[in-house]
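Trainee: Could you walk me through this model? I'd like to ask about it piece by piece.

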Amino acid sequence: MSETATMAQDETGAIGPGRLVLVVGPSGAGKDTLLRLAQAACIEDHGIVFPRRVVTRESSAAEDNIAMSFDEFRRALDHGDFAVHWEAHGHSYALPLEINDDIRAGRAVVVNVSRTVIGALRKTYANVVVVAITAPPDVLAQRLAARARVSDGNIADRLARSVDDVATLADVTILNAGSADYHSRQLVRVIRNECWHD
């Protein structure tokens with residue numbers, strides 16, 4: 001399961017002044033659920049953007065991605081349509097180049113990414129906030145089993161992946177083991193750059 005990342009280079013240095021809010025965490029942590037609830041809570045705030053990821057697999061009910069074939073993805077990559085792209089779990093992922101315009105306009109851009117691209121994104125963007133969404137192993141296993149997505153592959157393999165470094169890379173960690181509404185409100189406060197405490 002190799003994961004690689006490639007950035008679209010910006011010749012002007014770190015892109016700002018807006019904020020790039022990176023949501024990371026293990027499979028089954030509930031990232032898509034919290035993002036969906038946070039997006040609904042921020043729907044009237046035009047200073048906050050939730051761009052759709054491009055993924056080489058079909059979207060599920062829990063996520064709103066732009067599905068592309070591998071050939072379409074390669075053509076878009078060659079055309080320079082992505083701000084960043086990476087590979088994980090046998091699929092290719094990307095964020096649209098338009099996020100750079102949003103960040104230059106001072107907006108907060110909120111995205112679900114692989115932890116493997118955090119370092120590159122911190123170098124490319126001036127204001128990066130990493131939010132780790134985690135859950136206890138038994139909760140992760142239950143959630144992965146419940147969603148029964150074929151592309152998830154072997155659940156035991158997914159759970160065995162090292163995710164300890166996610167917390168060390170994070171600026172904020174949300175333990176998503178309780179109410180999704182409560183934890184989404186925590187995420188919204190981070191997105192809006194407000195302090196919060198458990």
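What follows is a run of questions and answers on this predicted model.

Trainee: How many helices and strands does the chain have, and what share of its residues is buried?

Mentor: Start with the secondary structure, which comes to eight helices and 10 strands. The chain has 198 residues. Of those, the buried share is 47%.

Trainee: Which strand has the lowest mean pLDDT among the elements of the chain?

Mentor: Overall, the chain averages a pLDDT of 83, and 77% of the residues score at least 70. Residues 1-6 stay under 50, though the model gives them 20 contacts beyond four places in sequence; residues 8-12 also stay under 50, with six such contacts. Where pLDDT is low, the predicted coordinates should not be read in detail. At the top end sits S3 (residues 48-49) with a mean of 98, and at the bottom, with 48, is strand S1.

Trainee: What is the order of the strands in the open sheet?

Mentor: The sheet has five strands, with parallel pairing. S3 and S10 (172-175) each pair on one side only, which makes them the edge strands. Reading across, the order is S3-S8-S2-S9-S10.

Trainee: Which residue in S8 does valine 21 stand opposite?

Mentor: S2 and S8 pair in the parallel sense, and five bridges hold that pairing. S2 also runs parallel to S9, again over five bridges, with leucine 20 partnered to valine 128 in S9. On the S8 side, valine 21 stands opposite valine 110.

Trainee: How many of the residues of S2 are buried?

Mentor: Look at the two faces of S2 in turn. One side carries Arg19, Val21 and Val23, the other Leu20, Leu22 and Val24, and all are buried. That makes the buried count six of six.

Trainee: In S10, what is the bridge partner of alanine 132?

Mentor: S9 (residues 128-134) and S10 run parallel and are joined by four bridges. Within that pairing, alanine 132 has as its partner threonine 173.

Trainee: Is isoleucine 133 buried or exposed?

Mentor: Isoleucine 133 lies in strand S9. Beyond its neighbours within four places in sequence, its contacts include Val23, Val24, Leu34 and Ile174. Because its relative accessibility is 0%, and the cut-off is under 20%, isoleucine 133 counts as buried.

Trainee: How far apart in space are isoleucine 133 and valine 24, C-alpha to C-alpha?

Mentor: In sequence, 109 residues separate isoleucine 133 from valine 24. For the chain as a whole, among contacts between residues at least 6 apart in sequence, 70% join residues at least 24 apart. In space, the C-alpha to C-alpha separation of isoleucine 133 and valine 24 is 6.1 Å.

Trainee: What angle does the direction of H8 make with that of S10?

Mentor: Two helices are worth placing on the sheet here. H1 lies across S2, S8 and S9, running at about 155° to S8. H8 packs on the sheet too, touching S2, S3, S8, S9 and S10, and its direction makes with that of S10 an angle of about 170°.

Trainee: At what angle do the axes of H1 and H8 cross, and in which hand?

Mentor: H1 (residues 31-41) and H8 (residues 180-191) have axes that come within 8 Å. Residues of H1 including Leu34, Leu37 and Ala41 meet a set in H8, among them His183, Leu187 and Ile191. By class, that contact has nine nonpolar, three polar and one charged residues. The axes cross at roughly 65°, and the crossing is right-handed.

Conventions
Residues are numbered from 1 along each chain as its sequence is written. This is a predicted model: local features need pLDDT of at least 70, side-chain atom pairs count only at pLDDT 80 or more; totals for chains, interfaces and linings use all residues. Side-chain values use heavy atoms; hydrogens and water are left out. Axes are lines fitted to C-alpha atoms, for helices over the stretch in contact, and angles run from 0 to 180 degrees between N-to-C directions. A crossing is left-handed if the near helix is turned anticlockwise from the far one by less than a right angle, and right-handed if clockwise. Contact means heavy atoms within 4.5 Å. Ala, Val, Leu, Ile, Met, Phe, Trp, Tyr, Cys and Pro count as nonpolar, Asp, Glu, Lys and Arg as charged, and the others, Gly among them, as polar. pLDDT is the predictor's confidence in each residue, from 0 to 100. Two strands pair if DSSP finds at least two bridges between them. Buried means under 20% relative accessible area, exposed over 50%, partly exposed in between (1.4 Å probe, protein chains only).
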